[in-house]
Amino acid sequence: MTHRTGWTIALLLVGPALTGGAIAAAQDSQFGIRGLGTPGRWESVRSRSTGGAFGPFDPLSPLMEAPLADLGQLTATAAGYTSNRDVVVGGTTTPLRTTRFPLMGVAGPVAPRLVVGVGFTTYLDRSWDVILRDSFMLRGVLERYTDAIASDGSVADVRVAAASRLSRRIAIGAGLHLLAGSTRMTAERRFDDSTFSRVQQAAEVRYDGFGLSGSVLIGVAPGLSIAAWARSDNRLRGKVADTVSAVTDLPRMAGGGILFAPSPNARVAASVAWRAWSRAGAGAFDTWNWSAGMEFGPRRMPIRLGARGGQMPFGPGTTAPTEAAGSLGTGRAFAQGRALIDVGLERLERSGGGLTERVWTVLVGLTVRP
Amino acid sequence: MTRRRLALVGAVLLVAACVERLAAPANCPDFCPSGQITIVDTLLTSSIHRDSSYRGYLLAYQSALMLAAHLPGATDTLDGRPIFRINGYGARMALTAADTGAILGADSARLQLYVVRRDSATRNLRLQLYRLPITIDTGTTFGALVAPFTDSLVRTVNIDTLLAQPGRKDTVTGDSVVVDSANHRLVLSLKLDTAAARYIPTDSGTVSYGIRIAADTLASIAFGKGAFGPSLQWYLRVDSLGTPVARKPGALGARLASFVFAPPPAPIDSTLAVGGVPSAHSLLRVVFPKVIRDSSQIIRATLYLVPAVPARGTPADSFVVEARNVLADFGAKSPIDLLLGDSAMIHPGATDTVKIEVTNLLQQWAADSTRPTVLLLRPEREAQIFGEIRFYPSLATAFRPTLQITFVRRFPFGAP
């Protein structure tokens, strides 16, 4: 494949995000309805299959930039998730299903010791649809109604990153993040009494924001690496018909990880991340998230296992909702390693404020090295 | 190979880009959006002003029906009498392609009438057919026909008796009636003898008739016009070289079909009149609040009208008053928007407040700010009923027309 063809693939992958037409959404959650949304997971399928533990070390995960420095050739990746979610509240279980397309990226060396990557991932998912049955007194009569309030869209994190390996032990990276996206919001009310017309309002809310990130990857010893990253986003501005509807401060965040590879066929990693979501206002919490995972077997077809836990940034009450997940997966390389398909399965449980979500997610990722 | 790879990438993109909708029952307020749909209900008591009434939109002869009634009231009797004129064939008639013969007269004739509206509760309904001067026209008044309606009776038919006859046919008089239950019509066929159907060649065979009705109760019916109007089948005698021969030419329809009635409608005053004959309309000009027009969605609007007097009309003939928008406010000659209309049923004698749901009309105002915010009230079937209602105008502070509007404020989209 020619260099030109490779960049064609790259544009195919990234172009929609840059034009704002992509549906970049990740796993939804009822916990995101009340707040800014559900934060996306900046992980490739490989990383997510290990609970996210490999995220700081995976060049195809948009969590850190420094691992890009180890990409020896042009590489493009995309991921798709399908989630089956059971929402349990008040003894009632509602099954929901979503298919998302949360990650695309392309990166490759552009000069000696300099690798550049562009791509997008979900920053905040804002897709939800709630239905409410209620009644109230109107014109002296108890009127029953059904509300359907829906939001469809997300805020994408379009990242331009650069990384460089300064020495055999140290690689650094930095990224510029443009937050952009929109949600199509609708509010509808149907009265049981047909003398009242159906209420139907809709608007497109556009979002923008900006962020910077930096990361470092250090090889402490043969087979042992540590990583650290930090990121600061300024604010998320929401606009409805060119009128600013809300400006919300976005979190500063930081994290790190450790990777131990005792042999070529075994890798163990752990990571932790802190995000200051409480800056976003009432009902938002700072969060800690951890993950641990392993990958063993030949690189052509490894087996991956992982677990993660932590907190969700938005929820009712005075404490943050919690989440815990276990995952497994594998991958398969084709065409002398030029194409990789990764698959994974994740079981996630979130709880807080009397609501529990149990999610099965099937993960599929495709990586191409032209 | 490159194409295959591109195709593979494309296929993955397409499959992965599918998104299902997420519909979950809300658990409020913890897991509901912070913004809620806000409903506001407001009563606009002083927004209607410069209201006025106009009469004369449809006259009796322009009505689609001929109204017949005889309803004694407390002070006067509502008396409606259909009148119609049927022009004849002239003084001569073609006998063959080459010859004509003078029309000597008529042996008989058969008059067909459609009763298109009647109250099935009416008992002993009688119909009296009068010969009228052939000079009747659209300007003929009730008073001008008092004499012929007194001394020119040519036939009397008891419709209830006729309906009770075997085969609904009176073998003595030759009258018959057909009940069209699908269309709720009676088709009367009355046989007129030589005296009742006089073909006068010097008048070109033109005849005019008038109808009075009577009943034990609720004597109010309507006769059809046009395709369902009166028609006369003549059975003529024509001179053929000195020998009278019988001829049955084609039936003739009425060239004039109208009705006269008494008492005449009360003149327009400060109240808002709707209905009657000639029909009356009322215009209500509304100051439409900007807050509702610009930033909300109207989900219900109700116009309240208080009758100033009990609704007039025949007891069986409830009528519909409709509210419509106008395309431009030219007062009495405002062009009516026929696209949307809201209505309410009016029962004669009733004095209850009339409520008309005008949601459609106000939604149109909100959607198009160039529209005049004027409501026009008119009867749904103009000049087809005697019924008329008069509402208090905006000048009557305690009983003025009011609008109750239920609207939704703009949803706070984009709020966190």
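**View 1. A:Ala241 sits exposed in a loop of chain A.** With 11 other C-beta atoms within 10 Å, A:Ala241 counts as exposed; the cut-offs are 20 or more other C-beta atoms within 10 Å for buried, 12 or fewer for exposed, and partly exposed in between, with C-beta atoms placed from the backbone. The loop in question runs between β10 (235–240) and β11 (243–249) of chain A. Helices (H or I, at least four residues) and strands (E, at least two) are DSSP runs, numbered from the N terminus. A:Ala241 isn't a glycine, yet its phi is positive, at about 50 degrees.

A word on the model: it is a predicted one, so local features need pLDDT of at least 70 and side-chain atom pairs count only at pLDDT 80 or more, while totals for chains, interfaces and linings use all residues. Residues are numbered from 1 along each chain as its sequence is written, with chains lettered from A and ligands numbered from 1 in the order in which they are written.

**View 2. A:Arg139 is another non-glycine with a positive phi.** Here phi is about 55 degrees. Look for A:Arg139 in the loop between β5 (128–138) and β6 (141–165) of chain A. It has 14 C-beta neighbours inside 10 Å, so it counts as partly exposed.

**View 3. A:Gly90 meets A:Gly354 across a long stretch of sequence.** The two glycines are 264 residues apart in sequence, but C-alpha to C-alpha they are 7.4 Å apart in space. A:Gly90 belongs to the loop between β2 (75–89) and β3 (92–111) of chain A, and is exposed, with 9 other C-beta atoms within 10 Å.

**View 4. Helix α5 of chain B turns one face inward to pack.** In α5(B) (residues 359–367), the buried residues are B:Leu361, B:Leu362, B:Trp365 and B:Ala366. Seen down the helix axis they fall within an arc of 140 degrees, so they line one face of α5(B); that arc is taken over the directions from the helix axis to the C-beta atoms. Their packing partners in chain B include α4 (290–295), β21 (319–326) and β22 (336–346). Contact means that the C-beta atoms of two residues, placed from the backbone, lie within 7 Å.

**View 5. Four strands of chain B make an open antiparallel sheet.** The order is β2-β26-β20-β23, where two strands pair if DSSP finds at least two bridges between them. β2 (39–44) and β23 (354–357) are the edge strands, each with a single partner, so one side of each has no neighbour in the sheet. From one strand to the next, the twist averages 20 degrees; axes are lines fitted to C-alpha atoms, for helices over the stretch in contact, and angles run from 0 to 180 degrees between N-to-C directions. Eight bridges join β20(B) to β26(B), and one pair is B:Tyr304 with B:Thr402. α5(B) packs on this sheet, touching β20, β23 and β26, and its direction makes about 130 degrees with that of β20(B).

**View 6. B:Val115 is buried in a strand of chain B.** The strand is β7 (residues 100–118), and B:Val115 has 23 other C-beta atoms within 10 Å. Leaving aside residues up to four places away in sequence, B:Val115 touches B:Arg185, B:Leu186, B:Leu188, B:Ile221 and B:Phe223.

**View 7. Two cis peptide bonds in chain B lead into prolines.** From B:Ala262 to B:Pro263, omega is near -5 degrees; from B:Val277 to B:Pro278, omega is near -10 degrees.
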